[in-house]
Amino acid sequence: MDRVVVGVDVGGKVKGFHAAALLGSRLIGKLATCDAEEIVDWCRSHKASAVGIDAPCQWSLNGGA
């Protein structure tokens, strides 16, 4: 049985979050928002078994990733 998995790209304060939900290899939903709580609620509404998060590095000394 396939489970729903979600991938979330974190683009920072300006770009916000972009998420995609997959059931097996089928795309079942997309969301773009600047609201972190909306992403959490969206993942829960899809009953995601796993969520992969790609967040930008913000600890570099020169401000780059």
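Helices and strands here are DSSP runs, numbered from the N terminus; a strand needs at least two residues. Val 4, for instance, is placed in strand β1. The model is predicted. Its chain has 2 helices and 4 strands. Along the sequence they follow the pattern β-α-β-β-α-β.

**The whole chain**

- The chain has 65 residues, and buried residues make up 22% of them.
- About 5,000 Å² of the chain is exposed. Carbon and sulfur atoms supply 56% of that area.
- Take the contacts in the chain with a separation of 6 or more. Residues 24 or more positions apart account for 29% of them.

**The nonpolar core**

- The largest nonpolar core has 11 residues. Among them are Val 4, Phe 17, Ala 19, Leu 31, Ile 39, Trp 42 and Cys 43.
- Three elements, β1 (4–10), β2 and α2 (36–45), give two or more residues each to this core.
- Strand β1 gives the largest share of the core, with 4 residues.

**Val 4, in strand β1**

- Val 4 has 12% relative accessibility. Buried means under 20%, so Val 4 counts as buried.
- Leaving aside neighbours within four places in sequence, Val 4 is in contact with residues that include Ala 21, Leu 22, Leu 23 and Ile 28. Val 4 is also in contact with His 46, Lys 47, Ala 48, Ser 49 and Ala 50.
- Val 4 and Cys 43 are 39 residues apart along the chain. Their C-alpha atoms are separated by 9.3 Å.

**Trp 42, in helix α2**

- Trp 42 is found in helix α2.
- Trp 42 is buried, with a relative accessible area of 12%.
- Apart from residues up to four places away in sequence, Trp 42 touches Val 6, Ala 19, Ala 20, Ala 21, Gly 29, Lys 30 and Leu 31.
- One of these partners, Lys 30, is 12 residues from Trp 42 along the chain. The two C-alpha atoms are separated by 9.5 Å.

**Thr 33 and Glu 38**

- Thr 33 lies in strand β3, which covers residues 26–33. Glu 38 has its place in helix α2.
- The two side chains make a polar contact at 2.7 Å.
- Thr 33 counts as buried because its relative accessibility is 11%, under the 20% limit. Glu 38 is partly exposed, at 35%.
- Not counting residues up to four places away in sequence, Thr 33 touches Gly 16, Phe 17, Glu 38 and Ile 39. By the count that leaves out such residues, Glu 38 touches Leu 31 and Thr 33.
- Glu 38 and Phe 17 are 21 residues apart in sequence. From C-alpha to C-alpha, they are 9.7 Å apart in space.

**Asp 35, ahead of helix α2**

- Asp 35 is found in the loop between β3 and α2.
- Asp 35 is partly exposed, with a relative accessible area of 40%.
- A polar atom of the Asp 35 side chain lies 3.0 Å from the backbone nitrogen of Glu 37.
- Asp 35 is 18 residues from Phe 17 along the chain. Their C-alpha atoms are separated by 7.7 Å.

**Lys 47, in a loop**

- Lys 47 lies in the loop between α2 and β4 (50–54).
- Lys 47 is exposed because its relative accessible area is 67%, over the 50% limit.
- Phi of Lys 47 is near 50 degrees, a positive value in a residue other than glycine.
- Most residues other than glycine have a negative phi.

**A nonpolar patch on the surface**

- Val 5, Leu 22 and Leu 27 form a nonpolar patch on the surface. Together they have about 210 Å² of accessible area.
- Leu 22 lies in strand β2, residues 17–23.
- Leu 22 counts as partly exposed, at 31% relative accessibility.
- Leu 22 is also one of the residues in contact with Val 4.

Definitions and conventions: Residues are numbered from 1 along each chain as its sequence is written. This is a predicted model: local features need pLDDT of at least 70, side-chain atom pairs count only at pLDDT 80 or more; totals for chains, interfaces and linings use all residues. Side-chain values use heavy atoms; hydrogens and water are left out. Buried means under 20% relative accessible area, exposed over 50%, partly exposed in between (1.4 Å probe, protein chains only). A polar contact is a pair of N or O atoms within 3.5 Å; within protein, one must be able to donate a hydrogen and the other to accept it, and residues adjacent in sequence count only if both atoms are side-chain atoms. Contact means heavy atoms within 4.5 Å. Patches are made of residues with over 30% relative accessible area and no salt bridge: like charges are joined within 9 Å, nonpolar side chains (Val, Leu, Ile, Met, Phe, Trp, Tyr) within 5 Å. Accessible areas come from the Shrake-Rupley method with a 1.4 Å probe; for residues, only the protein chains shown count as cover. A salt bridge is a side-chain nitrogen of Lys or Arg within 4 Å of a carboxyl oxygen of Asp or Glu. A nonpolar core is a set of buried Ala, Val, Leu, Ile, Met, Phe, Trp, Tyr and Cys residues joined through side-chain atoms within 4.5 Å.
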